[in-house]
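The following exercises ask the reader to work from backbone geometry and residue contacts towards a description of a fold. Each task is followed by a solution that goes step by step.

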Amino acid sequence: MTTPFSPPLYMQRYQFVIDYVQTYRPRKVIDFGCAECRLLKKLKFHRNGIQLLVGVDINSVVLLKRMHTLAPLVSDYLQPSDGPLTIELYQGSVTEREPCTRGFDLVTCVELIEHLELEEVESFSEVVFGYMAPGAVIVSTPNAEFNPLLPGLRGFRDCDHKFEWTRDEFQTWAHRVCREYGYSVQFTGVGEALGHWRDVGFCTQIGVFQRNFDGINWSMSNAERLEPSVYKLLYKVVYPSLCDNNIYQKTLVNEVLYEAQHLKQEWISRLNMDSNNNAHFYGPPFMEALQHGDACELQPVYQQGGSICVPLTRVWFSPRVRALCGSVQRLREELREDERVRMSADGMVVNLPADDEEEVEEKEEEEDIKTVSSVSKSVEEDWDRELGGYGGV
(Lines give C-alpha, C1' and ligand atoms only; values in the text may rest on other atoms or scores of the structure.)
Protein backbone atom coordinates (compact mmCIF):
# COMPACT_ATOMS: atom_id res chain seq x y z
CA MET A 1 0.00 0.00 0.00
CA THR A 2 1.10 3.55 -0.67
CA THR A 3 0.89 6.20 2.01
CA PRO A 4 -1.41 9.14 1.13
CA PHE A 5 1.04 11.63 2.63
CA SER A 6 3.94 13.48 1.08
CA PRO A 7 6.47 13.47 2.56
CA PRO A 8 5.65 10.11 4.16
CA LEU A 9 4.19 10.34 7.64
CA TYR A 10 7.14 8.75 9.42
CA MET A 11 9.40 11.43 7.93
CA GLN A 12 7.02 14.12 9.17
CA ARG A 13 7.18 12.64 12.68
CA TYR A 14 10.97 12.65 12.62
CA GLN A 15 11.00 16.20 11.32
CA PHE A 16 8.72 17.27 14.16
CA VAL A 17 11.28 15.98 16.69
CA ILE A 18 14.16 17.56 14.77
CA ASP A 19 12.38 20.92 14.73
CA TYR A 20 11.80 20.68 18.47
CA VAL A 21 15.46 19.90 19.08
CA GLN A 22 16.53 22.80 16.88
CA THR A 23 14.30 25.14 18.89
CA TYR A 24 15.02 23.98 22.46
CA ARG A 25 18.50 22.45 22.00
CA PRO A 26 18.41 19.68 24.64
CA ARG A 27 21.83 18.28 25.50
CA LYS A 28 20.71 14.77 26.51
CA VAL A 29 18.13 12.95 24.41
CA ILE A 30 16.80 9.41 24.74
CA ASP A 31 14.57 7.69 22.16
CA PHE A 32 12.48 4.73 23.34
CA GLY A 33 11.45 2.17 20.75
CA CYS A 34 14.28 3.32 18.50
CA ALA A 35 14.06 0.07 16.50
CA GLU A 36 16.06 0.63 13.29
CA CYS A 37 17.64 3.84 14.65
CA ARG A 38 16.17 6.06 11.97
CA LEU A 39 15.37 8.96 14.30
CA LEU A 40 18.73 8.64 16.05
CA LYS A 41 20.45 8.82 12.68
CA LYS A 42 18.65 12.07 11.86
CA LEU A 43 19.39 13.59 15.26
CA LYS A 44 23.09 12.77 15.14
CA PHE A 45 23.25 14.31 11.68
CA HIS A 46 21.63 17.56 12.78
CA ARG A 47 23.24 17.64 16.28
CA ASN A 48 21.95 21.07 17.39
CA GLY A 49 23.82 20.92 20.66
CA ILE A 50 23.06 17.28 21.56
CA GLN A 51 25.90 15.82 23.63
CA LEU A 52 24.39 12.46 24.62
CA LEU A 53 22.08 10.51 22.30
CA VAL A 54 20.62 7.24 23.59
CA GLY A 55 18.39 4.68 21.92
CA VAL A 56 16.47 1.94 23.74
CA ASP A 57 14.57 -0.96 22.23
CA ILE A 58 13.50 -4.36 23.46
CA ASN A 59 14.58 -6.02 20.18
CA SER A 60 18.34 -6.52 20.35
CA VAL A 61 18.47 -8.23 16.94
CA VAL A 62 17.34 -5.07 15.15
CA LEU A 63 19.68 -2.88 17.20
CA LEU A 64 22.70 -5.06 16.44
CA LYS A 65 21.81 -5.02 12.76
CA ARG A 66 21.42 -1.24 12.52
CA MET A 67 23.90 0.11 15.05
CA HIS A 68 26.61 0.57 12.37
CA THR A 69 24.51 3.34 10.82
CA LEU A 70 25.32 5.48 13.87
CA ALA A 71 29.09 5.19 13.47
CA PRO A 72 31.06 8.36 12.64
CA LEU A 73 31.59 9.15 8.97
CA VAL A 74 34.95 9.97 7.42
CA SER A 75 33.92 13.63 7.44
CA ASP A 76 33.40 13.49 11.22
CA TYR A 77 37.09 12.68 11.63
CA LEU A 78 38.29 15.11 8.98
CA GLN A 79 36.15 17.96 10.29
CA PRO A 80 35.49 17.35 14.01
CA SER A 81 32.60 19.20 15.58
CA ASP A 82 33.07 21.85 18.24
CA GLY A 83 31.02 19.99 20.85
CA PRO A 84 31.13 16.39 22.10
CA LEU A 85 28.68 13.66 21.09
CA THR A 86 28.28 10.20 22.59
CA ILE A 87 25.78 7.68 21.20
CA GLU A 88 24.62 4.64 23.16
CA LEU A 89 22.22 1.81 22.32
CA TYR A 90 20.56 -0.35 24.96
CA GLN A 91 18.36 -3.41 24.98
CA GLY A 92 15.60 -2.77 27.48
CA SER A 93 11.95 -1.97 28.10
CA VAL A 94 10.41 1.42 28.72
CA THR A 95 8.41 -0.15 31.55
CA GLU A 96 11.59 -0.96 33.53
CA ARG A 97 13.37 1.43 35.89
CA GLU A 98 16.93 1.96 34.73
CA PRO A 99 19.07 4.41 36.75
CA CYS A 100 21.17 5.51 33.75
CA THR A 101 18.05 6.89 32.03
CA ARG A 102 17.50 9.62 34.62
CA GLY A 103 18.55 13.21 34.07
CA PHE A 104 17.66 13.55 30.39
CA ASP A 105 16.46 16.79 28.86
CA LEU A 106 14.21 15.12 26.28
CA VAL A 107 12.54 11.71 25.95
CA THR A 108 10.96 10.74 22.63
CA CYS A 109 8.41 7.94 22.26
CA VAL A 110 7.48 7.96 18.58
CA GLU A 111 4.74 5.43 17.75
CA LEU A 112 5.64 3.36 20.81
CA ILE A 113 2.85 3.48 23.35
CA GLU A 114 0.33 1.65 21.12
CA HIS A 115 2.67 -1.37 21.08
CA LEU A 116 2.25 -1.81 24.84
CA GLU A 117 -0.51 -3.78 26.51
CA LEU A 118 -3.05 -1.46 28.11
CA GLU A 119 -2.02 -2.64 31.58
CA GLU A 120 1.59 -1.69 30.73
CA VAL A 121 0.67 1.92 29.95
CA GLU A 122 0.47 2.66 33.67
CA SER A 123 4.03 1.37 34.16
CA PHE A 124 5.13 3.37 31.13
CA SER A 125 3.69 6.54 32.62
CA GLU A 126 5.25 5.97 36.02
CA VAL A 127 8.69 5.13 34.64
CA VAL A 128 8.94 7.93 32.06
CA PHE A 129 7.20 10.77 33.88
CA GLY A 130 7.68 9.73 37.50
CA TYR A 131 11.01 7.93 37.72
CA MET A 132 12.96 9.43 34.81
CA ALA A 133 11.30 12.86 35.17
CA PRO A 134 12.92 14.45 32.07
CA GLY A 135 12.55 18.10 31.15
CA ALA A 136 10.34 17.25 28.17
CA VAL A 137 8.62 14.23 26.60
CA ILE A 138 7.30 13.85 23.06
CA VAL A 139 4.72 11.08 22.60
CA SER A 140 3.19 10.31 19.21
CA THR A 141 0.53 7.70 18.52
CA PRO A 142 -2.04 6.93 15.79
CA ASN A 143 -5.32 8.81 15.84
CA ALA A 144 -8.01 6.13 15.55
CA GLU A 145 -10.52 8.68 14.22
CA PHE A 146 -8.39 9.06 11.10
CA ASN A 147 -8.35 5.35 10.25
CA PRO A 148 -11.52 5.33 8.08
CA LEU A 149 -9.76 7.76 5.72
CA LEU A 150 -6.88 5.35 5.04
CA PRO A 151 -7.72 3.35 1.88
CA GLY A 152 -7.97 -0.39 2.36
CA LEU A 153 -7.27 -0.32 6.10
CA ARG A 154 -9.08 -2.88 8.23
CA GLY A 155 -8.53 -2.92 11.97
CA PHE A 156 -5.37 -1.41 13.43
CA ARG A 157 -2.63 0.14 11.32
CA ASP A 158 -0.09 -2.47 12.43
CA CYS A 159 -0.59 -6.05 13.49
CA ASP A 160 1.48 -5.43 16.63
CA HIS A 161 -0.66 -2.52 17.86
CA LYS A 162 -2.48 -3.43 21.06
CA PHE A 163 -4.79 -0.41 20.88
CA GLU A 164 -5.24 2.84 18.96
CA TRP A 165 -6.63 5.85 20.82
CA THR A 166 -9.09 8.47 19.72
CA ARG A 167 -8.15 12.08 20.45
CA ASP A 168 -10.29 12.11 23.59
CA GLU A 169 -8.69 8.91 24.88
CA PHE A 170 -5.17 10.18 24.23
CA GLN A 171 -5.85 13.54 25.82
CA THR A 172 -7.55 11.98 28.84
CA TRP A 173 -4.45 9.86 29.48
CA ALA A 174 -2.12 12.83 28.91
CA HIS A 175 -3.98 15.17 31.29
CA ARG A 176 -3.97 12.49 34.00
CA VAL A 177 -0.19 12.09 33.58
CA CYS A 178 0.22 15.85 33.93
CA ARG A 179 -1.77 15.95 37.15
CA GLU A 180 0.07 13.01 38.71
CA TYR A 181 3.64 13.88 37.74
CA GLY A 182 3.75 17.65 37.39
CA TYR A 183 3.76 18.27 33.65
CA SER A 184 1.87 20.45 31.21
CA VAL A 185 1.00 19.28 27.70
CA GLN A 186 0.27 20.71 24.29
CA PHE A 187 -1.44 18.67 21.57
CA THR A 188 -0.61 18.79 17.89
CA GLY A 189 0.13 16.27 15.16
CA VAL A 190 1.24 15.54 11.61
CA GLY A 191 -0.67 14.29 8.60
CA GLU A 192 -3.63 16.61 8.27
CA ALA A 193 -6.83 15.62 6.49
CA LEU A 194 -8.08 17.79 3.65
CA GLY A 195 -11.38 19.50 3.03
CA HIS A 196 -14.41 18.54 5.11
CA TRP A 197 -12.48 15.64 6.66
CA ARG A 198 -10.30 18.10 8.57
CA ASP A 199 -12.47 17.67 11.69
CA VAL A 200 -11.07 14.17 12.34
CA GLY A 201 -7.74 15.69 13.37
CA PHE A 202 -4.20 14.63 12.47
CA CYS A 203 -3.36 11.14 11.30
CA THR A 204 -0.63 11.03 13.97
CA GLN A 205 -1.49 12.80 17.22
CA ILE A 206 1.36 14.20 19.27
CA GLY A 207 1.58 15.31 22.87
CA VAL A 208 4.48 17.55 23.90
CA PHE A 209 4.96 17.41 27.67
CA GLN A 210 6.97 20.00 29.60
CA ARG A 211 7.91 19.48 33.22
CA ASN A 212 6.61 22.09 35.67
CA PHE A 213 9.52 23.25 37.79
CA ASP A 214 7.43 25.57 40.00
CA GLY A 215 10.17 28.17 40.04
CA ILE A 216 12.78 25.67 41.21
CA ASN A 217 15.58 24.87 38.81
CA TRP A 218 15.30 21.15 39.46
CA SER A 219 17.37 19.12 37.05
CA MET A 220 19.62 16.11 37.07
CA SER A 221 21.01 16.82 33.61
CA ASN A 222 24.37 17.79 35.11
CA ALA A 223 24.49 14.90 37.56
CA GLU A 224 26.99 12.10 37.07
CA ARG A 225 25.47 9.23 35.10
CA LEU A 226 25.14 5.84 36.71
CA GLU A 227 26.19 2.60 35.07
CA PRO A 228 23.32 0.54 33.58
CA SER A 229 22.02 -2.09 35.97
CA VAL A 230 18.86 -3.24 34.18
CA TYR A 231 19.41 -2.46 30.51
CA LYS A 232 22.10 -4.15 28.41
CA LEU A 233 24.55 -1.84 26.64
CA LEU A 234 24.92 -3.01 23.02
CA TYR A 235 26.78 -0.14 21.41
CA LYS A 236 28.64 2.99 22.38
CA VAL A 237 30.60 5.44 20.28
CA VAL A 238 32.24 8.75 21.14
CA TYR A 239 32.41 11.11 18.18
CA PRO A 240 35.60 13.06 17.49
CA SER A 241 35.36 16.67 18.66
CA LEU A 242 37.58 19.64 19.29
CA CYS A 243 37.01 19.11 23.01
CA ASP A 244 39.63 16.36 22.71
CA ASN A 245 43.05 18.03 22.91
CA ASN A 246 44.67 15.54 20.53
CA ILE A 247 41.97 16.02 17.91
CA TYR A 248 42.08 19.78 18.36
CA GLN A 249 45.86 19.83 17.86
CA LYS A 250 45.69 17.67 14.76
CA THR A 251 42.90 19.77 13.26
CA LEU A 252 44.74 22.99 13.97
CA VAL A 253 47.96 21.73 12.38
CA ASN A 254 46.06 20.51 9.30
CA GLU A 255 44.43 23.90 8.86
CA VAL A 256 47.73 25.73 9.33
CA LEU A 257 49.55 23.53 6.83
CA TYR A 258 46.75 23.85 4.30
CA GLU A 259 46.71 27.65 4.59
CA ALA A 260 50.52 27.86 4.46
CA GLN A 261 50.61 25.66 1.35
CA HIS A 262 47.91 27.79 -0.24
CA LEU A 263 49.90 30.98 0.40
CA LYS A 264 53.06 29.33 -0.89
CA GLN A 265 51.37 28.29 -4.16
CA GLU A 266 49.98 31.79 -4.63
CA TRP A 267 53.46 33.22 -4.16
CA ILE A 268 55.02 30.78 -6.65
CA SER A 269 52.27 31.38 -9.22
CA ARG A 270 52.72 35.12 -9.04
CA LEU A 271 56.50 34.76 -9.22
CA ASN A 272 56.21 32.72 -12.41
CA MET A 273 53.84 35.25 -13.95
CA ASP A 274 56.03 38.26 -13.32
CA SER A 275 59.72 37.92 -14.21
CA ASN A 276 60.35 41.27 -12.58
CA ASN A 277 58.88 40.14 -9.29
CA ASN A 278 61.16 40.87 -6.34
CA ALA A 279 60.13 37.65 -4.56
CA HIS A 280 57.61 39.45 -2.37
CA PHE A 281 54.00 38.65 -3.20
CA TYR A 282 51.10 40.44 -1.61
CA GLY A 283 48.20 37.99 -2.05
CA PRO A 284 44.47 38.67 -1.70
CA PRO A 285 44.44 38.42 2.13
CA PHE A 286 47.27 40.94 2.33
CA MET A 287 45.59 43.33 -0.08
CA GLU A 288 42.40 43.01 1.94
CA ALA A 289 44.40 43.81 5.05
CA LEU A 290 45.80 46.90 3.34
CA GLN A 291 42.28 48.11 2.71
CA HIS A 292 41.38 47.60 6.37
CA GLY A 293 44.54 49.12 7.76
CA ASP A 294 45.97 45.85 9.09
CA ALA A 295 49.07 45.69 6.89
CA CYS A 296 51.37 46.31 9.84
CA GLU A 297 50.30 42.94 11.24
CA LEU A 298 51.03 41.03 8.02
CA GLN A 299 54.31 40.28 6.29
CA PRO A 300 54.84 39.01 2.73
CA VAL A 301 55.76 35.46 1.85
CA TYR A 302 59.44 35.16 0.89
CA GLN A 303 62.14 32.64 0.09
CA GLN A 304 65.22 32.06 2.21
CA GLY A 305 67.64 29.41 1.01
CA GLY A 306 65.75 26.17 0.40
CA SER A 307 62.64 27.25 2.28
CA ILE A 308 59.55 29.25 1.46
CA CYS A 309 58.82 31.34 4.53
CA VAL A 310 55.18 32.02 5.38
CA PRO A 311 54.70 34.52 8.22
CA LEU A 312 52.43 33.25 10.96
CA THR A 313 50.35 36.42 10.81
CA ARG A 314 49.42 35.51 7.22
CA VAL A 315 48.34 32.03 8.28
CA TRP A 316 46.35 33.38 11.20
CA PHE A 317 44.42 35.61 8.80
CA SER A 318 42.55 32.46 7.65
CA PRO A 319 39.02 32.53 9.20
CA ARG A 320 39.20 28.83 10.07
CA VAL A 321 42.54 29.21 11.85
CA ARG A 322 41.24 32.24 13.73
CA ALA A 323 38.18 30.27 14.82
CA LEU A 324 40.39 27.51 16.19
CA CYS A 325 42.97 29.77 17.79
CA GLY A 326 41.98 33.15 19.17
CA SER A 327 45.34 34.94 18.90
CA VAL A 328 48.66 34.78 17.06
CA GLN A 329 50.44 34.28 20.38
CA ARG A 330 48.37 31.21 21.22
CA LEU A 331 48.80 29.89 17.68
CA ARG A 332 52.57 30.21 17.96
CA GLU A 333 52.59 28.37 21.29
CA GLU A 334 50.44 25.54 19.92
CA LEU A 335 52.60 25.07 16.81
CA ARG A 336 55.97 25.24 18.52
CA GLU A 337 55.02 22.11 20.45
CA ASP A 338 54.20 20.16 17.27
CA GLU A 339 57.00 18.58 15.25
CA ARG A 340 54.88 18.39 12.11
CA VAL A 341 55.26 22.13 11.59
CA ARG A 342 58.70 23.57 10.90
CA MET A 343 58.96 26.97 12.55
CA SER A 344 61.60 29.70 12.59
CA ALA A 345 63.64 30.22 15.75
CA ASP A 346 61.33 33.00 16.95
CA GLY A 347 58.22 30.97 16.09
CA MET A 348 56.80 33.66 13.78
CA VAL A 349 57.38 31.97 10.41
CA VAL A 350 56.25 28.61 8.97
CA ASN A 351 59.01 27.14 6.81
CA LEU A 352 57.99 25.03 3.83
CA PRO A 353 60.40 23.20 1.48
CA ALA A 354 61.06 24.92 -1.83
CA ASP A 355 62.57 22.01 -3.82
CA ASP A 356 60.42 20.08 -6.30
CA GLU A 357 60.68 16.62 -4.75
CA GLU A 358 59.43 17.71 -1.37
CA GLU A 359 56.95 20.01 -3.05
CA VAL A 360 55.23 17.01 -4.65
CA GLU A 361 54.82 15.44 -1.22
CA GLU A 362 53.55 18.71 0.21
CA LYS A 363 51.12 19.01 -2.72
CA GLU A 364 49.72 15.58 -1.92
CA GLU A 365 49.36 16.56 1.73
CA GLU A 366 47.62 19.75 0.68
CA GLU A 367 45.10 17.79 -1.40
CA ASP A 368 44.47 15.44 1.53
CA ILE A 369 43.92 18.36 3.88
CA LYS A 370 41.73 20.13 1.35
CA THR A 371 39.51 17.06 1.38
CA VAL A 372 38.48 18.08 4.89
CA SER A 373 36.26 20.81 3.53
CA SER A 374 35.12 19.07 0.36
CA VAL A 375 34.07 15.86 2.13
CA SER A 376 32.18 17.61 4.89
CA LYS A 377 30.33 19.82 2.42
CA SER A 378 29.39 16.86 0.23
CA VAL A 379 27.81 14.90 3.09
CA GLU A 380 24.07 15.15 2.74
CA GLU A 381 21.32 13.66 4.83
CA ASP A 382 19.77 10.60 3.23
CA TRP A 383 16.26 9.92 4.46
CA ASP A 384 15.60 6.23 4.74
CA ARG A 385 13.12 4.57 2.45
CA GLU A 386 9.49 4.83 3.35
CA LEU A 387 8.31 2.05 5.61
CA GLY A 388 6.21 -0.58 3.91
CA GLY A 389 2.43 -0.63 4.27
CA TYR A 390 0.81 1.26 7.13
CA GLY A 391 3.75 0.53 9.43
CA GLY A 392 4.94 3.99 8.37
CA VAL A 393 1.56 5.57 9.12
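**Exercise 1.** At what angle do the axes of helix α7 (residues 245–273) and helix α11 (residues 328–336) cross, and within what distance do they come? Classify the crossing, and list the residues that make the contact.

*Solution.* The model is a predicted one, and two packed helices are described by the angle between their axes and the distance between the axes. Here the axes of α7 and α11 come within 11 Å and cross at roughly 105°. Because angles of 65 to 115 degrees count as roughly perpendicular, α7 is roughly perpendicular to α11. On the α7 side the contact is made by Y248, Q249, L252, V253 and V256, while α11 contributes R330, L331, E334 and L335. Sorted by class, this contact has six nonpolar, one polar and two charged residues.

**Exercise 2.** What span does helix α5 (residues 118–132) reach from its first C-alpha to its last, and what span is expected? Determine which of its residues are buried and what covers them.

*Solution.* Helix α5 has 15 residues and reaches 20 Å from its first C-alpha to its last, which is close to the 21 Å expected at 1.5 Å a residue. With under 20% relative accessible area as the cut-off for burial, the buried residues of α5 are V121, F124, S125, V127, V128, F129, Y131 and M132. An α-helix has 3.6 residues a turn, so residues three or four places apart point the same way. The cover over the buried residues of α5 includes the strands β1 (28–32), β4 (106–110), β5 (136–142), β6 (183–192) and β7 (202–211), together with helix α6 (167–181). After α5 comes A133, whose phi is positive, near 50°.

**Exercise 3.** Where do A35 and R47 lie, and is each of them buried or partly exposed? Examine their phi angles, and then the peptide bond from S6 to P7.

*Solution.* As a reference, most residues other than glycine have a negative phi, and most peptide bonds are trans. A35, although not a glycine, has a positive phi of about 45°; A35 lies in the loop between β1 and α2 (38–46) and is partly exposed, with a relative accessible area of 29%. R47, also not a glycine, has a positive phi of about 60°; R47 is placed in the loop between α2 and β2 (52–57) and is buried, with a relative accessible area of 15%. The peptide bond from S6 to P7 is cis, with omega near 0°, and P7 is found in the segment before α1 (9–24).

Methods
Residues are numbered from 1 along each chain as its sequence is written. This is a predicted model: local features need pLDDT of at least 70, side-chain atom pairs count only at pLDDT 80 or more; totals for chains, interfaces and linings use all residues. Side-chain values use heavy atoms; hydrogens and water are left out. Helices (H or I, at least four residues) and strands (E, at least two) are DSSP runs, numbered from the N terminus. The expected span of a helix is 1.5 Å times one less than its number of residues. Buried means under 20% relative accessible area, exposed over 50%, partly exposed in between (1.4 Å probe, protein chains only). Contact means heavy atoms within 4.5 Å. Axes are lines fitted to C-alpha atoms, for helices over the stretch in contact, and angles run from 0 to 180 degrees between N-to-C directions. Angles under 35 degrees count as roughly parallel, over 145 as roughly antiparallel, 65 to 115 as roughly perpendicular and the rest as oblique. Ala, Val, Leu, Ile, Met, Phe, Trp, Tyr, Cys and Pro count as nonpolar, Asp, Glu, Lys and Arg as charged, and the others, Gly among them, as polar.
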